[in-house]
Amino acid sequence: MPETRNEISKMNIRGQLNLIYAMSKLLVSILNLAQENKVARDTLCKTAEGMLEQATILYRDIGRYTETVSNAE
């Protein structure tokens with residue numbers, strides 16, 4: 001795997017991990033509000049869906065990265 005592409009892939013994975021972390025912090029922030037607020041409940045559900053989608057993309061990208069790195073050995 002060319003070094004530049006390797007670094008871009010790692011930066012992409014790190015960015016996705018940071019996004020998932022930020023989404024989890026958002027979930028924690030609105031969790032206490034959800035009991036009494038419909039908007040908070042809706043936001044909680046949509047954010048959790050988005051987090052699941054992002055985790056799926058991350059899983060795919062990590063699989064591609066590890067496969068590419070393994071083939072380069």
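## Two helices and their shared core

Glu49 is found in helix H2. In this predicted model, Glu49 is partly exposed, because its relative accessible area is 42% and the partly exposed class lies between 20% and 50%. Measuring from C-alpha to C-alpha, Glu49 and Val39 lie 15 Å apart in space, with a separation of 10 residues in sequence.

The two helices that pack together are listed here.

| Helix | Residues |
|---|---|
| H1 | residues 3-31 |
| H2 | residues 38-72 |

How do H1 and H2 pack, and at what angle? The angle is about 160°, and the axes are 9 Å apart. H1 is therefore roughly antiparallel to H2, since angles over 145 degrees are counted that way. The crossing in which H1 passes H2 is left-handed. Sorted by class, the contact of H1 with H2 holds 18 nonpolar, nine polar and two charged residues.

The largest nonpolar core has 10 residues in all. Among them are Ile13, Ile20, Met23, Leu27 and Ile30, and the list goes on with Ala34, Leu44, Met51, Leu58 and Tyr65. At least two residues of this core come from each of H1 and H2. H1 gives the largest share, five residues.

Leu58, one of the core residues, can also be described by its contacts. Which residues does Leu58 touch, leaving out those up to four places away in sequence? They are Ile13, Gln16, Leu17 and Ile20. Of these, Ile13 and Ile20 are also listed in the largest nonpolar core.

Note on methods
Residues numbered from 1 in each chain as written. Predicted model: local features only at pLDDT ≥ 70, side-chain atom pairs only at ≥ 80, totals over all residues. Heavy atoms only, no water. Axes fitted to C-alpha atoms, helices over the stretch in contact; angles between N-to-C directions. Helix = DSSP H or I, 4+ residues; strand = E, 2+ residues; numbered from the N terminus. Parallel < 35°, antiparallel > 145°, perpendicular 65-115°, else oblique. Left-handed = near helix turned anticlockwise from the far one by under 90°. Nonpolar A, V, L, I, M, F, W, Y, C, P; charged D, E, K, R; others polar. Core = buried A, V, L, I, M, F, W, Y, C linked by side-chain atoms within 4.5 Å. Buried < 20%, exposed > 50% of the residue type's maximum accessible area, 1.4 Å probe, protein only. Contact = heavy atoms within 4.5 Å.
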